[in-house]
Amino acid sequence: MASDTTCGYPDESIRPGRRAFIKCALLAGATGVLAGVPLLSYVAAPALKKGTTRWIDFGPVDQLKPGGIEMLSYEFMVKDGWLVLPQRGFVWAKLDSPGKITVFSSTCTHLACNVIWRKEKGIFECPCHSGQFDINGRPIAGPPTKPLVAWAHKVEEGKLMVLMPA
Ligand code: FES
């Protein structure tokens with residue numbers, strides 16, 4: 001039986017040689033990789049970006065009253081993959097004495113509802129499952145077992161700056 005040496009090319013004179021074919025295949029592969037890596041990183045990088053933080057300006061620190069707990073709200077834009085969305089919420093700021101500030105997350109450590117400061121009771125209360133935290137954010141009743149998160153903060157040019165996930 002005679003072997004087919006034309007590889008499908010009808011004319012032996014226009015059939016590329018083996019070396020030319022391998023060279024073309026390698027060039028095509030290299031071009032694909034060179035074009036694909038930047039494209040892949042451009043598409044995938046925003047979706048993989050996590051764990052970033054930013055300093056949020058909560059305004060003049062002298063709005064805090066010694067011994068009191070104040071609700072401070074925030075709104076900033078967050079890039080989430082391809083979307084840029086507003087992130088809104090609030091924190092609870094406690095001023096024990098001049099310079100001694102604690103900024104609590106408003107997020108309950110049970111299932112992430114917002115806790116509310118009950119001045120008359122002197123506790124943070126969670127409306128979802130009746131979780132309670134003392135004035136220092138420690139769980140005292142209900143399902144939560146972990147204290148409220150206290151955000152890192154600083155005072156810069158008279159403004160309260162809080163480091164928050166963004
Ligand atoms: S979410 Fe706060 S007690 Fe369950």
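## A buried cysteine to start with

A residue counts as buried when its relative accessible area is under 20%. In this predicted model, Cys108 has a relative accessibility of 5%, so Cys108 is buried. Cys108 is found in the loop that runs between strand E4 (100–105) and strand E5 (116–118).

What does Cys108 contact, once its neighbours within four places in sequence are left aside? The partners are Cys113, Val115, Cys126, Phe133, Pro144 and Leu148. Pro139 sits 31 residues away from Cys108 along the chain, and the C-alpha atoms of the two are 9.7 Å apart.

## The chain as a whole

Let's step back for a moment. The chain contains 1 helix and 11 strands, and along the sequence these follow the pattern α-β-β-β-β-β-β-β-β-β-β-β. The chain has 166 residues, and 26% of them are buried. About 11,300 Å² of the chain is exposed, with carbon and sulfur atoms supplying 61% of that area.

How much of the contact between residues with a separation of 6 or more comes from pairs 24 or more positions apart? Such pairs account for 44% of those contacts.

## One disulfide

How many disulfides does a search of the whole structure find? The search finds 1, and this disulfide joins Cys113 to Cys128, with an S to S distance of 1.8 Å. The pair links distant parts of the chain, 15 residues apart: Cys113 is in the loop between E4 and E5, while Cys128 is in the loop between strand E6 (123–125) and strand E7 (132–133). The link of Cys113 and Cys128 is left-handed, with -100° about the S-S bond.

Are these cysteines buried or partly exposed? Cys113 has a relative accessibility of 19%, so Cys113 counts as buried. Cys128 has a relative accessible area of 37%, which means that Cys128 is partly exposed. Cys126, one of the contacts of Cys108, has a relative accessible area of 4% and is therefore buried.

## Two nonpolar cores

In soluble globular proteins, nonpolar side chains tend to be buried together. Here, the largest nonpolar core has 16 residues, and those touching the most other members are Phe58, Val91, Leu160 and Met164. Two or more core residues come from each of strand E1 (53–60), strand E2 (69–80), strand E3 (83–97), E4 and strand E11 (159–165). E2 gives the largest share, 4 residues.

Apart from this core lies another, made of 12 residues, and our starting residue Cys108 is among them, along with Trp117, Phe124 and Cys126.

## The open sheet, and Val91 within it

Strands of a sheet pair through backbone hydrogen bonds, either parallel or antiparallel. Which order do the 4 strands of the open sheet follow? They run E2-E3-E4-E9, with antiparallel pairing. E2 and strand E9 (150–151) are the edge strands, each pairing on one side only. Between E2 and E3, the antiparallel pairing extends over 12 bridges.

Val91 ties the sheet and the core together in this picture. Val91 lies in E3, where it stands opposite Leu72, and Val91 is also one of the residues that touch the most other members of the largest nonpolar core. Leaving aside its neighbours within four places in sequence, Val91 is in contact with Phe58, Glu70, Met71, Leu72, Tyr74, Val103, Phe104, Trp151 and Met164.

Terms used:
Residues are numbered from 1 along each chain as its sequence is written. This is a predicted model: local features need pLDDT of at least 70, side-chain atom pairs count only at pLDDT 80 or more; totals for chains, interfaces and linings use all residues. Side-chain values use heavy atoms; hydrogens and water are left out. Buried means under 20% relative accessible area, exposed over 50%, partly exposed in between (1.4 Å probe, protein chains only). Contact means heavy atoms within 4.5 Å. A disulfide is a pair of cysteine sulfur atoms within 2.5 Å. Accessible areas come from the Shrake-Rupley method with a 1.4 Å probe; for residues, only the protein chains shown count as cover. A nonpolar core is a set of buried Ala, Val, Leu, Ile, Met, Phe, Trp, Tyr and Cys residues joined through side-chain atoms within 4.5 Å. Two strands pair if DSSP finds at least two bridges between them.
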